Amino acid sequence: MTLNDSRILVVGAGLMGAGIAQVAAQAGHDVALFDARAGAAEAAKAKLAQTLDGLVAKGRLAADAAQAALARITPIDALCTADLVVEAIVENLDIKRALFADLEALLPAEAVIATNTSSISVTALARGMKRPERLVGMHFFNPVPLMKLVEVVSGLGTAPDVAQAVFDLAHRWGKTAVHTRSTPGFIVNRIARPYYAETLMLLQDRAAAPELLDALLRAAGFRMGPCELMDLIGHDTNFAVTNSVFAANFFDRRFTPSLVQQELVDAGFFGRKSGRGFYRYPEGAPALPAVAVATPTAAQIVVHGKGVVADRFAAALPDAVRELDSDWTGLNVDGRQLRLTDGRRTTELSRGGAVFDLPLAASGDIAFAGDAATAAWLTVLGLTPRAVADVPGLVVARTVAMLINEAADAVQQGVCDEAGADAAMKLGVNYPAGPFEWLARWDRRAVVALLDRLDQHYRGERYRVSPYLK
Ligand code: NAI
C-alpha cells in the first residue's frame with residue numbers, strides 16, 4: 001500500500017490542521033481542508049498565504065513553489081472523499097468517533113484515516129468503526145512545518161501496512177517517522193515526564209531555586225530548563241498531561257503529579273500566558289549570581305576511576321597520580337574527595353569533601369553538594385560549580401537517569417525500539433541526545449546503581465528500575 005500520490009482531506013483547520021495542510025501541499029498533494037466552524041478553513045488558507053509569503057520574503061521558499069502549494073489547498077464546506085484523511089479536530093473521544101462514522105459513510109474501502117490525537121488511545125478511537133484496521137495515529141508536533149518528528153501510532157486493530165504507508169508518507173514529507181504502539185503518552189509525552197517530575201521533586205525538597213535548576217539543565221545541553229519550559233507550555237496544560245498519563249497508567253505512583261505544580265495551577269499561575277508561573281513575565285528567570293571561585297591549590301592530587309570524567313580530570317591535571325582501579329570517580333585532593341555522584345549523598349560518602357553532578361557539557365554550570373573549596377577543583381574542567389542541597393543524584397544525573405529509565409520501560413513494553421526513542425526525544429522535544437545515546441556514553445551499571453539509591457532514599461515506585469536495564 002502507498003499513500004504517496006494520495007488526495008488528502010484535512011479535517012480541523014486549527015493550529016495543527018493548518019500546518020498539516022501546508023506540509024502536505026508543499027509535498028505536492030491536493031489537499032481539501034474542512035472545519036466545522038464556518039469560514040475557518042478559508043481563514044486558515046488566508047493565514048497560510050501570509051506564512052508562505054513570509055518564507056518567500058526570507059528566501060526560504062521559491063515564489064512559484066509557494067504559489068503552487070497554496071493553489072493545491074481547497075477549503076471545503078462539507079466532508080468529501082479522499083485517499084487519506086488526517087483528522088486534527090478537538091481532542092474529544094466521542095466527537096472524533098462521530099467524525100470517523102461520517103467519514104466511513106463517504107470513503108472508499110481502502111482509504112486511510114489518520115488521527116493527530118496527542119492523548120487519546122487510537123485503539124479506543126477505532127472501536128465501532130466498520131474498518132478499524134484503517135485508523136492509525138499520525139502525531140505531529142507543534143509547529144508542524146518546523147518539527148521533524150511524526151509518531152505513527154498503531155492501535156490494537158491498525159493494519160501494519162496502513163501504519164507503514166503513513167510512516168513512508170511522513171518521510172516523503174521530510175519528516176522523521178517513528179513507529180509506536182498506542183499507549184499513554186505514546187513515546188515523547190511519556191519519556192519526557194521525568195524531565196518535569198525530577199525538577200518538581202527537587203523544588204519540593206527545596207534543593208535549589210528554579211532559576212538554578214534551569215541553568216544546570218541548560219548547561220547539560222537542554223534547550224530550555226524544565227521550569228521555563230513548563231512556564232512556556234502552561235502549567236494547566238503540562239499538569240493535565242501529567243495527570244492523564246498518571247490516570248491512564250492506573251495511578252502507577254511512578255507518574256505521580258506534583259503538589260508544587262498543583263499549587264501553581266490552583267493559583268492560576270499558568271506561566272507566560274498568565275504573566276506568572278515559576279517566574280514573572282515579561283522578565284522571566286532572574287539571572288544567577290556570579291560565583292567567585294578561589295583558584296584551588298593542593299600538595300597531592302589523585303584522579304580516581306576510569307571513563308570519560310576521570311579521563312577529563314587526568315587530561316586537565318597531567319601531574320596527578322592516577323588510581324584506575326578505584327570504585328569511585330573523581331579527585332582525591334590532599335585527602336578530601338570530590339566524587340562524581342553515584343546516587344549517594346555527600347554526608348554518606350565524601351568525608352568532608354563534595355559530590356558533583358554528571359558533567360554532560362565541556363563547560364558551564366554544574367551542581368555540587370558539600371565543601372565549596374573541594375568543589376572549586378571542578379574549575380579545572382572548565383566548569384562553574386554551583387551549590388545545591390545534599391540530594392541524591394543531584395540534578396542532571398538523576399534527571400538523565402530517569403529519562404533513560406522511562407525510555408527503557410517503553411522499549412521493554414514494546415512501545416518503540418531504542419532508535420525510535422532516541423529519534424523521538426531529539427526531534428519531538430529537542431533533547432541534546434537520545435536516552436540510549438546517553439546510556440551508551442554513561443555506564444549501564446552506574447545508571448542502575450544511581451536509580452536504586454534514589455529508590456532507597458525516596459521509597460515508592462517512582463525510581464523503580466526498568467527490567468530492561470537490569
Ligand atoms: P485547534 O483548536 O487549534 O483546532 C481544532 C479545529 O477543529 C478548530 O478549528 C475547530 O473548529 C475544529 N473542529 C472541532 N470539531 C470539529 C468537527 N467535529 N469537525 C470538523 N472540525 C472540527 O486545536 P489544535 O491545537 O490544532 O489540535 C487539534 C488536534 O491535534 C487535537 O486532537 C490535539 O490534541 C492534537 N495536537 C495538538 C498539538 C498542539 O500542540 N496544539 C500537538 C499535537 C497534536
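**View 1. Secondary-structure elements around the ligand in a predicted model.** Three elements each supply at least two residues of the shell around the ligand: helix α1 (15–26), helix α4 (93–104) and strand β6 (135–140). The shell holds 21 residues. Those that come nearest are Met16, Asp35, Glu91, Lys96 and Asn116. By class, the shell has 10 nonpolar residues, 7 polar ones and 4 charged ones.

**View 2. Polar contacts of the ligand with Glu91, Ser118 and Ile89.** Glu91 places a polar side-chain atom 2.5 Å from an oxygen atom of the ligand. Glu91 is also among the residues that come nearest to the ligand. In Ile89, the contact is made by the backbone: an N or O atom there lies 3.2 Å from a ligand oxygen. Ser118 uses its side chain, with an N or O atom 3.0 Å from an oxygen atom of the ligand. On its own, the ligand has 830 Å² of accessible area, and the protein covers 73% of this.

**View 3. The two domains of the chain.** Domain 1 spans residues 8–182. Domain 2 spans residues 301–387. Their C-alpha centres lie 51 Å apart.

**View 4. An open sheet of 8 strands.** The strand order is β3-β2-β1-β4-β5-β6-β7-β8, and the pairing is mixed. The edges are β3 (73–76) and β8 (176–181). Each has a single partner strand, so one side of each has no neighbour in the sheet. On average, neighbouring strands here are turned by 25 degrees against each other, direction ignored.

**View 5. The pairing of β5 with β6.** Strand β5 (residues 112–115) pairs with β6 in the parallel sense, over 3 bridges. Ala114 stands opposite Val136 of β6. Strand β6 also appears in View 1, as one of the elements that supply at least two residues of the ligand shell.

**View 6. An open sheet of 7 strands.** The order here is β10-β9-β11-β12-β13-β14-β15, again with mixed pairing. Strands β10 (321–323) and β15 (383–387) stand at the edges. Each pairs with a single strand, so one side of each is left without a neighbour in the sheet. Neighbouring strands of this sheet are turned by 25 degrees against each other on average, with direction ignored.

**View 7. The pairing of β13 with β14.** Strand β13 covers residues 354–356, and strand β14 covers residues 364–370. The two pair in the antiparallel sense over 3 bridges. Phe356 has Phe368 of β14 as its bridge partner.

Methods. Residues are numbered from 1 along each chain as its sequence is written. This is a predicted model: local features need pLDDT of at least 70, side-chain atom pairs count only at pLDDT 80 or more; totals for chains, interfaces and linings use all residues. Side-chain values use heavy atoms; hydrogens and water are left out. A residue is near a molecule or strand if one of its heavy atoms lies within 4 Å of it. A polar contact is a pair of N or O atoms within 3.5 Å; within protein, one must be able to donate a hydrogen and the other to accept it, and residues adjacent in sequence count only if both atoms are side-chain atoms. Accessible areas come from the Shrake-Rupley method with a 1.4 Å probe; for residues, only the protein chains shown count as cover. Helices (H or I, at least four residues) and strands (E, at least two) are DSSP runs, numbered from the N terminus. Ala, Val, Leu, Ile, Met, Phe, Trp, Tyr, Cys and Pro count as nonpolar, Asp, Glu, Lys and Arg as charged, and the others, Gly among them, as polar. Domain bounds come from an automatic or database domain assignment. Two strands pair if DSSP finds at least two bridges between them. Axes are lines fitted to C-alpha atoms, for helices over the stretch in contact, and angles run from 0 to 180 degrees between N-to-C directions.
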